[in-house]
Amino acid sequence: MSVAEISALAPADEAEAGEMAREARARGEKLDIVGGGTRLGLGRPAEGARRLSTERLAGIVFHEPAEMTLCAKAGTPLGVVEAALAAHGQMLPFEPIDHRTLFGGAGEPTVGGLVATNASGPRRISAGAARDSLIGLRLVNGRGEAVKSGGRVMKNVTGLDLVKVNCGAHGTLGLVAEATFKLLPRPQAEATILLRRLDDEAGVAAMTRALGSPYGVTGAAWIGPGMGREFSRTLLRIEGFADSVDYRAERLIALNADLGAKHALTGEGSRSLWQAVRDAEFIAEPRQRAVWRVSLAPSRAARFVARLGAAALAHFYDWGGGLVWLASEPTEEAAAVVRAALAPLGGHATLVRAPDDLRARVAVFEPLSPPLARLTRGVKASFDPDGVFNFGRMHVGM
Amino acid sequence: MPQIAFPPVDESILARREAIVAGLAAILPADGLIADVAGRRAFETDALTAYRRLPLAVVLPRTSEEVARVMRFCRDAGVNVVPRGAGTSLSGGAIPQEDAIVIGLSKMSRILEINLADRYARVEAGVTNLAISEAVGRDGFFYAPDPSSQLACTIGGNIAMNSGGAHCLKYGVTTNNILGVRLVTLEGEIVDVGGPELDAGGLDLLGVICGSEGQLGVVTEATVRLVRAAEGARPVLFGFDHAEDASQCVAAIIGGGIVPVAMEYMDRLAIEICENFAHAGYPLDVEAMLIVEVEGAEEEMAAELAKITAIAKAHGVRTIRESMSAMESAQIWKGRKSAFGATGRVADYICMDGTVPTGRLPEALRRAGEICAAYGLRVANVFHAGDGNMHPLILYDVNDPVQQQKAEDAGMDILAMSVELGGCLTGEHGVGIEKRDLMRRQFTEADLAQQMRVRAAFDPQGRLNPAKVFPLDARAG
């Protein structure tokens, strides 16, 4: 194979991308979509013969501050988007995780990668996931056709919604060429109430009480002992206009006086903590460990971790307990323990970080029930009948 | 003559009617099947009452298993199926034909589980939207999407149409508030998609089921998010002398970094109609009015209102009236939510539902007025301004076929304009039969074919809610 043949494809526009998809399909070739390369370790290992890069599909298509919408092409670095938004006091609502903390390495996260992985952070509990802010997209499917769904308005029920199913599809339905998001004003202020020395159960209970309060909590996380402090920390965040944050912080402190709440962290102290939660910094090291992201009903989180026993090398909770970040040995045995511990509780576990050979041997995403597998296969085929794009990235043979 | 076409009825199904009814009777309890003409008549239309077609039979199952049996039977017998909640669709989404059976979910109306700690409720699809909020209201929680028909409409219907409502500006629409569904496919499989946890474990099939207008399967149960209510909420009325000022004020509030819970627009005619009906204290001497709702503690609401008021003053607001009591707030919202019903007492109307980017609202309102004037028709505007979801109510006389045709033509012109301005045909009512033939205004053949192939992954024969959403001659390719 010559150098030219193994180099990455880099379409300049949708038409070129469509042409490349059609050619690959005709040749029976598989393509792996690459953006900034910061999330390549997600999903099952790439099986494609060639890479298709979004680097030339870059740029903000429009930003309408007064309409709180932004549209950008897939290869646009997230930093470019965030700078444009910051200039107008706006932000992406869902606080996207930066996977570089977990995976190490260089590269710049892109809009396409964020959509492909439905990359959401702590604010997911109040502002929704990436899929909830995504209001429109353009896609090149595995037949080489450019397809759009949704649009640039906040309310749109015209036709079947193909936007959300593509968010978190890890590129298995096609190449997301362009994405439109709704935005939020960047909060003027934030404050974090910190509760010390609560065990798992008590920490989740405190978060549940806070999330059931009328004070608009936008972050609720529990960090175990030994993660930056020798004691556990339960974090409750509020955001908004400064006077409102002051008031609600006071109320939340009063609500948690029985748990020793005293004062609130503000500004940089609060921001850096939530960035660490967002990026799963507390379990990023040691590097050789496998990392799992487990989504379940919050009241079952502590029970899930207890069922893991010694298999849980480290863990912390986000989303009020609804998200368990977990470190395990990078082995098939540990993976089996995780799946078995979760099965009776419901929810789903994703193996976020592990060596390629392990991610090839065990299910990375929650195994599908037979009817769900049939529907998933059907939807994949409806976009990409011959499996041109990111084949096998989520499930074996799909 | 109404202009929306129906496909020819499948005579081979009609010819087997006796056998089909007998087959359904054999798999359902006696009170689960309606076969007589008078009984079926109640299911011949929805809220798009200009169109009526008598279904072959109606089944009223009590369990997902009964739905599965009916679906398997219909697949084997080759009979079309039209799912139905409360029949409040404004786009004809639940209108059947003579070769279809209706599956009505009205007997599946139980709340199965309320879990406040995990902030979800699991309900049967026939539960009304409002019943969920009422069940958790005394604990300070609510279910966020609030369509104006929330007293009657069901959660199953809300999922089919991805319904919105006035308070979606802050809390999102149905698809942002559903965690899971139990879906019965045409094969008769009972599939659980999602659950109490956030986000999907594999492909986000829930995202494609929400808003699929009953064409992918019959949703029999749903797990919905419950939201903790703020400490307080208060609507405020802002009256303007010029419609343009009101719509520019909307854009300025959003552009100013403020996201109120709700921001509703009413023009002079709509204000008059609703005030006569609800006696909500709306100002009658203004050209346009905004209802802006803020929430939080007293001090928070006061601070946010001060910011909004400053913007409104910069846009020439004439009257400002803050609700002073819970009863007054209820009256203000009653007036708004009864807009369609109140208009119906004054004249016949058709309601459009296009969305435009909020920055184009002033232009869209002006052009909608011009379009109706050119047809010699009156239009009342009452809509969700914060998200650009317009609802022009075009008034006409249903007994005058010429006027009905003009009203439908004006409506189609307005929707075409919505798309042209960068918006869409329908923001929350769904496509149904009503906007089916306009889909090519918004989508290319490739767009439509992709949607139809996804539909075929669930229902290859296209038996579920046929002749809706897609133009009759569109093909999956």
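1. Where does A:Arg197 lie in chain A? Keep in mind as you look that this is a predicted model. A:Arg197 sits in the loop that runs between β10 (189–196) and α9 (200–211) of chain A. Its phi is near 60°, a positive value in a residue other than glycine. Most residues other than glycine have a negative phi, and most peptide bonds are trans. As for its surroundings, A:Arg197 is partly exposed, with 15 other C-beta atoms within 10 Å.

2. Chain B has a residue to set beside that one. B:Val469 also isn't glycine and has a positive phi, near 65°. You'll find B:Val469 in the segment after α17 of chain B. B:Val469 is buried, because 28 other C-beta atoms lie within 10 Å and the cut-off for buried is 20 or more.

3. While you're checking the backbone, have a look at A:Pro286. The peptide bond leading into it from A:Glu285 is cis, with omega near -10°. A:Pro286 belongs to the loop between α11 (267–278) and β14 (290–295) of chain A.

4. Next, a residue in a strand: A:Arg138 is part of β6 (residues 134–141) of chain A. A:Arg138 counts as buried, since it has 22 C-beta neighbours inside 10 Å. Leaving out residues up to four places away in sequence, A:Arg138 touches A:Glu14, A:Ala146, A:Lys148, A:Ala177 and A:Glu178. A:Arg233 is elsewhere: A:Arg138 and A:Arg233 are 95 residues apart in sequence and 42 Å apart in space, going from C-alpha to C-alpha.

5. Over in chain B, try the pair of helices α10 (residues 268–278) and α13 (residues 339–346). They pack at an angle of about 95°, and their axes are 9 Å apart. The two helices, α10(B) and α13(B), are therefore roughly perpendicular to each other. From α10(B), the residues that take part are B:Ala270, B:Ile273, B:Cys274 and B:Phe277; from α13(B), they meet B:Ala339, B:Ala342, B:Thr343, B:Arg345 and B:Val346. Sorted by class, this contact has seven nonpolar residues, one polar and one charged.

6. Helix α14 of chain B (residues 361–374) is worth turning around on screen. Its 14 residues reach 20 Å from the first C-alpha to the last, close to the 20 Å expected at 1.5 Å a residue. Which residues of α14(B) are buried? They are B:Leu361, B:Ala364, B:Leu365, B:Ala368, B:Ile371 and B:Cys372. These cover an arc of only 125° around the axis, so they are on the same side of α14(B). The face turned away from that buried side carries the exposed residues B:Glu370, B:Ala373 and B:Ala374.

7. What covers the buried residues of α14(B)? The cover includes α9 (243–255), β17 (378–384), β18 (392–396) and α15 (401–420) of chain B. Just after α14(B) comes B:Gly376, which takes a positive phi of about 70°.

8. Finally, look at how the two chains meet: 76 residues of chain B are in contact with 68 residues of chain A. On chain B's side, at least two residues each come from α8 (205–209), α9, α11 (298–314), α16 (439–442) and α17 (445–458) of chain B. The largest share, 10 residues, is supplied by α17(B). By class, the side of chain B that touches chain A has 33 nonpolar, 28 polar and 15 charged residues.

Conventions: Residues numbered from 1 in each chain as written. Chains lettered and ligands numbered in written order. Predicted model: local features only at pLDDT ≥ 70, side-chain atom pairs only at ≥ 80, totals over all residues. Axes fitted to C-alpha atoms, helices over the stretch in contact; angles between N-to-C directions. Helix = DSSP H or I, 4+ residues; strand = E, 2+ residues; numbered from the N terminus. Parallel < 35°, antiparallel > 145°, perpendicular 65-115°, else oblique. Contact = placed C-beta atoms within 7 Å. Nonpolar A, V, L, I, M, F, W, Y, C, P; charged D, E, K, R; others polar. Expected span 1.5 Å × (residues − 1). Buried ≥ 20, exposed ≤ 12 C-beta atoms within 10 Å, placed from the backbone. Arc of directions from axis to C-beta.
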